[in-house]
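Please open the structure in a viewer and keep the sequence at hand. The tour below proceeds by selection, one stop after another.

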Amino acid sequence: MLRRRILTERPSMSLPPSNNYQSTAASKDINQTIVNALTAKNFNETLTIIVNQCRQLSDANQVTLSYAPDGDFNNTIQAHSFSEKYKEYNPLDLQLLNGEIFRDLQRANKSRRKTQKELVAHSIWKNKEIFKDHSCLKHPQVCGYLITPIRAIDNSIIGALLFSDKITGDFTLRDTKRIEQLAGVIARAFDLQMHQEKIDQLLKSLTKQQRLLEDQKQELKKRATDISYLSKHDELTGLDNRSALKEKLQWSISMAELNHQILAVVMLDLDHFKLVNDSLGHQAGDKILITIGTRLINSVRQADIVARHGGDEFVLVLNDQSSAAATLNLLQRTLEDIQQPIQYANQEINVTCSIGFSLFPKDGQDAETLLKHADTALHQTKKDSRGQFSFFRPEMQKELQERVSLETELRHAVQQNEFELHYQPQVDMNSGNIIGLEALIRWQHPRLGVIPPAQFIPLAEEIGLISQIGEWVLKTACQQNKSWQNEGHSKVTVAVNFSAKQLMQTNIVQLVNNVLSESGLEARYLVIEITESLSMTDPETTITIMQALKTLGVKISIDDFGTGYSNLSYLKRFPIDEIKIDRAFVKDITTDPHDLAITKTIIAIAHCLDLKVIAEGIETQSQLALLIQQKCDMMQGYYFSRPLTAESCSQLLVENPSIKLDEIRQNKYQRSLLIVDDEKRILSSIKRLLRPLKLNIFEAENAEAALELMALHKIDVILCDIMMPGMDGIEFFSRIHQMYPETTRIILSGQTNFNVATDAINRGAIYKFLTKPWKNDKLCSEIEAAFRHHEASFEQRNESVE
Ligand SMILES: Nc1nc2c(ncn2[C@@H]2O[C@H](COP(=O)(O)O[C@H]3[C@@H](O)[C@H](n4cnc5c(=O)[nH]c(N)nc54)O[C@@H]3COP(=O)(O)O)[C@@H](O)[C@H]2O)c(=O)[nH]1
């Protein structure tokens, strides 16, 4: 018969005298087991060890331990221990049973029943229909069981311990107590386990925190390295910065001192970098600086130092220099490297730089002095020979001091308005009349007297005063011209020089417009002179600004033409009105065939582009005559007038003088002969001999004087001695051949040097070679023949032109 015995059914039942269940020993053992088991890595293993131990101690056929640390009894961790008899049961069946047991226990727990009552509660599920068919309970041998909750320290139920089917008889009250004790021990073990888990979690989070801390430490370390890198390096180029330079330079000096070596400190500054940066943008500027940095690194040895000193300034420290000459060689190469074009956004940027350097131990013993002296030398280069290099000389220090005081005085001059405008007339070469005035600034220095613009305009540009000065010049020149016009003088233009920085000023067009309207001067009476080199620095921007200025109605002139390497295609695109031939070409125009050739070419190009040409720096009539022959349109120079104060210029405008051009132009044809010989006696006798030929005869005692006469007069035939002091006859004729190819040239030589004569004839420089002493008849007939030859070739030239 099925006999289910549970404790509650027989609460009064006494404990059997002999019981395998030994409580104290059991708890001790189980305690030990639990402690041992907890050290096992796997928690399931722990539970299994516990239930096995419990079954052995309790004499039950089955012990099941369920553990639900988070109170979810549908999801418990279970361990079972079965006697041989129970092995056939599927432990999974017990899962369901356990769930129900737990829920019952929970209900019991909620109703705050005591342990015994909880145990009573188990009778409830025993009678429940749901378990009626449960294989476990249906087993003929299963006749009694005991179940007790396992409570956490906070009294919540976290598990249950089920003892089923005591082998040796019914479960007794004693059994319940012992089992409760066991449950208590297990509960403490679970607590321990839970704490262990928490500790593990804490440890895990601690490890995580530790890792996080380690990462942060690494990040901080990296940042510290970055900061240390940045504190020693230039961010843009990656080169050493000022602070690293000082440290390294000091070290290099110590080494050089120890090894008795020469060391060079080189300071390098890019020319007009600000202009490039402003016009092409900062990205282009950055690209230039990075490229230059790389080029510098590549141009020196690894042991040398390359630093960016700030802005567009770099410093090289060249260790162990064998001599100053070796340093110069290296710097020459560096200059060439830097001048290589830089590609940027489909265009080539050309950069030049200026260099100054000092040498250890000659020019200084410490870093500061060597850097200061290299900087002084750099200033000198910038002043005298941009794009080159200079080495430090002690006298430069004095010049630098002067410059610094000039700078202070210039600032003062702007505030005190110590400037004055002078005006130099410009003359039309067709009418001979004044048609314009160039405004030229002068600084009336209280101590040094008049300072010319070349001495302070570049400084004003450098220290940022040029806009203020330029604005004053523009206003004063326009107001002055308007007031002269108001006084009734014939209307002329006034030309104002614009410096590079002034032209690139953002508001320049607006400024010109305002000045014109404030002064009341019509725009067509204002000429803006822009130097050729300036216009070519950034031609596209220049074109844009010029176009904007042209819309105002002003005229634009390209100043110093011929010195700025014009790109002719840009010249065509510039919206300009005139070109001013630089004084440098005019100066030797009568003696230097190249200058004459350049001048002729400039005039020809300008006329082809429909531009007027003004020649500046004309000091002599011969220069003027030559330029008239070349059809130059206007002139400016001391020959007509020096720059005048406003007062003197007013006077000049009243007098309104003009150049008598007809006196200079030669229109009527008359056979003209130039005799060149350093012996006066020969000049007189030839002149006398040729009198019957009715020639217009000119004489010169040397080649220079002859060239002057050539410029002033139209000469057909030249008779020249071969041996002359200074320039000899052959050299003279080769120049004449280039400058005046249509002249007929005869050598009259005391020597018969056939080689020289043949060479000259072959080069086409000479028409005839005659010898001294001459036979009168022969000389007369040769001269006559030379004129006929000359006239015949003139006719031929005319015919071919026609
Ligand atoms: N940005 C500005 N630049 C200016 C301004 N005023 C002048 N300048 C520039 O300074 C340079 C030197 O000028 P300056 O010393 O006045 O010399 C001018 C003439 O005096 C001189 N000149 C004229 N004729 C002759 C001559 O026959 N012989 C001779 N040796 N010199 C002569 O030439 C200078 C005029 O040059 P240019 O302007 O090229 O026509 C000079 O470059 C000026 O441009 C200013 O206000 N702003």
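The stops that follow begin with the whole chain and then turn to individual residues.

This is a predicted model, in which local features need pLDDT of at least 70 and side-chain atom pairs count only at pLDDT 80 or more, while totals for chains, interfaces and linings use all residues. Residues are numbered from 1 along each chain as its sequence is written, and side-chain values use heavy atoms, with hydrogens and water left out.

**The whole chain**

Display the protein chain as a cartoon: 29 helices and 26 strands make up its secondary structure. Helices (H or I, at least four residues) and strands (E, at least two) are DSSP runs, numbered from the N terminus. Of the 802 residues, 49% are buried; buried means under 20% relative accessible area, exposed over 50%, and partly exposed in between (1.4 Å probe, protein chains only). The accessible surface is about 39800 Å², and carbon and sulfur atoms hold 51% of that area; the areas come from the Shrake-Rupley method with a 1.4 Å probe, and for residues only the protein chains shown count as cover. Among contacts with a separation of 6 or more, 67% join residues 24 or more positions apart, a contact being heavy atoms within 4.5 Å.

**The cysteines**

How many disulfides does a search of the whole structure find? The search finds zero, a disulfide being a pair of cysteine sulfur atoms within 2.5 Å. Select C54, which counts as buried because its relative accessibility is 0%. Then select C608, which counts as exposed because its relative accessibility is 71%.

**Aromatic rings**

The whole structure contains seven aromatic pairs. Rings of Phe, Tyr and Trp (its six-membered ring) pair if their centres lie within 6.5 Å; planes under 30 degrees apart count as stacked, over 60 as edge-to-face and the rest as tilted. Select F419 and W443: this pair is tilted, with 6.3 Å centre to centre and 50 degrees between the planes. The pair links distant parts of the chain, 24 residues apart, with F419 in strand β12 (residues 419–428) and W443 in strand β13 (residues 434–445). F419 is buried at 10% relative accessibility, and W443 is buried at 0%. Add F456 and W472 to the selection, and one aromatic cluster of F419, W443, F456 and W472 is on display.

**N241**

Next, select N241, in the loop between α6 (173–232) and α7 (242–259). N241 counts as buried because its relative accessibility is 14%. Its side chain reaches the backbone nitrogen of S243 at 3.2 Å. Leaving aside neighbours within four places in sequence, the contacts of N241 include H233, D234, A307 and R308.

**T590 and helix α27**

Move to T590, in the loop between α20 (583–587) and α21 (593–608). Is T590 buried or exposed? T590 is buried, because its relative accessible area is 3%. The C-alpha atoms of T590 and S622 are separated by 7.0 Å, although their positions lie 32 residues apart along the chain. The side chains of T590 and E708 are joined by a polar contact of 3.3 Å; such a contact is a pair of N or O atoms within 3.5 Å, and within protein one must be able to donate a hydrogen and the other to accept it, with residues adjacent in sequence counting only if both atoms are side-chain atoms. T590 also touches M739, among other residues more than four places away in sequence.

Finally, M739 leads to helix α27 (residues 729–739), where the buried residues include G729, F733 and M739. At the start of α27, a side-chain oxygen of D728 reaches to within 3.1 Å of the backbone nitrogen of I730.
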